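Student: Got a minute? I'd like to go through this structure with you, starting from whatever you think helps to read it.

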Amino acid sequence: MRKPTQCVLWNEVGLTPETLDLEMVRVFVRSEHIERDLLKCCECGQLYFHEWYEHISFKHDDDMYDTYIPIETEEEIQQLLDTKTSADLAKFLPQLHGSYTNNKNDGLRWIEKPEDF
Ligand SMILES: [Zn+2]
């Protein structure tokens, strides 16, 4: 995927899912533990495929993961929708990835190489 270097999301540091200025374009999946949708940057119009995924934990609060993958074409959307599990999205880079694990919000950061996870 192309790096969205023009986008405020690419250049800003310390982003959280709550502070992103994104508009809902399309909803793909809504279920109890997984949500997938298409979002658009309100500023530059960059499209992002977004997944929210919740992993049930019995020891502490549930773990939650947010992934934003910059996309440009319908083919790219289809490729992403064809993935079966949340883990399959890891190979689509770069991506903006964030997690809430062990009762702690880890914030969002860009992953450009597999070893960045
Ligand atoms: Zn933007």
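Tutor: Sure. One term before we start: two residues are in contact if their C-beta atoms, placed from the backbone, lie within 7 Å. And keep in mind that this is a predicted model.

Student: OK, let's use that. Leaving aside neighbours within four places in sequence, which residues is I71 in contact with?

Tutor: I71 has M1, L47, Y48, F49, E76 and I77 as contacts once those neighbours are set aside.

Student: And which residues make up the largest nonpolar core?

Tutor: That core has 12 residues, and I71 is one of them. The others are L9, L20, C41, L47, Y48, F49, Y68, I69, L80, L96 and L108. Two strands, β3 (47-55) and β4 (63-71), each supply at least two residues of this core.

Student: How much of the protein chain is buried?

Tutor: Buried residues come to 18% of the 117 in the protein chain.

Student: Let's zoom out. How many helices and strands are there?

Tutor: There are two helices and six strands in the protein chain. Reading from the N terminus, the elements go α-β-β-β-β-α-β-β.

Student: What order do the strands take in the sheet?

Tutor: The order is β1-β2-β3-β4-β5-β6, in an open sheet of six strands with antiparallel pairing. The edges are β1 (22-30) and β6 (104-111); each has a single partner strand, so one side of each is left without a neighbour in the sheet. On average, neighbouring strands of this sheet are turned by 15 degrees against each other, direction ignored.

Student: Where does helix α2 go relative to that?

Tutor: Helix α2 (residues 74-81) packs on the sheet and touches β1, β2, β3 and β4. The direction of α2 makes about 155 degrees with that of β4.

Student: Back to the strands. How many bridges link β2 and β3?

Tutor: Seven bridges, in the antiparallel sense, with β2 covering residues 34-41. Within that pairing, D37 sits opposite H50 in β3.

Student: What about β5 and β6, how many bridges there?

Tutor: Six, again antiparallel, with β5 running over residues 95-101. Y100 is placed opposite N105 in β6. β5 and β6 form a hairpin that has two residues between them.

Student: Which residue in that turn has a positive phi?

Tutor: N102 does, at about 50 degrees. N103 has a positive phi as well, of about 60 degrees, although it is not a glycine.

Student: Why mention the sign at all?

Tutor: Most residues other than glycine have a negative phi, and most peptide bonds are trans.

Student: Is N103 buried or exposed?

Tutor: Exposed: N103 has 11 other C-beta atoms within 10 Å, and the cut-off for exposed is 12 or fewer. N102 is exposed too, with 11 other C-beta atoms within 10 Å.

Student: What does N103 touch, not counting residues up to four places away in sequence?

Tutor: H60 and D61. For a distance across the fold, the C-alpha atoms of N103 and E51 are separated by 20 Å, with their positions 52 residues apart along the chain.

Student: You brought up peptide bonds. Where is the cis one?

Tutor: The cis peptide bond joins L93 and P94, with omega about 0 degrees. P94 lies in the loop between α2 and β5.

Student: New topic: where is F28?

Tutor: F28 is in strand β1. F28 counts as partly exposed, with 14 other C-beta atoms within 10 Å. Residues up to four places away aside, F28 touches R36, D37 and L81. From F28 to L38 the C-alpha to C-alpha distance is 7.6 Å, and these two are 10 residues apart in sequence.

Student: Last one, on overall dimensions. What radius of gyration does the protein chain have?

Tutor: The protein chain has 14 Å, which agrees with the value near 13 Å that a compact globule of 117 residues would have. The C-alpha atoms fill a box of roughly 40 × 30 × 30 Å along the principal axes.

Student: And what share of the contacts with a separation of 6 or more comes from residues 24 or more positions apart?

Tutor: That share is 40% in the protein chain.

Key: Residues are numbered from 1 along each chain as its sequence is written. This is a predicted model: local features need pLDDT of at least 70, side-chain atom pairs count only at pLDDT 80 or more; totals for chains, interfaces and linings use all residues. A nonpolar core is a set of buried Ala, Val, Leu, Ile, Met, Phe, Trp, Tyr and Cys residues joined through C-beta atoms within 7 Å. A residue is buried if 20 or more other C-beta atoms lie within 10 Å of its own, exposed if 12 or fewer, and partly exposed in between; C-beta atoms are placed from the backbone. Helices (H or I, at least four residues) and strands (E, at least two) are DSSP runs, numbered from the N terminus. Two strands pair if DSSP finds at least two bridges between them. Axes are lines fitted to C-alpha atoms, for helices over the stretch in contact, and angles run from 0 to 180 degrees between N-to-C directions. The radius of gyration is taken over C-alpha atoms; the globule rule is 2.2 Å times the number of residues to the power 0.38.
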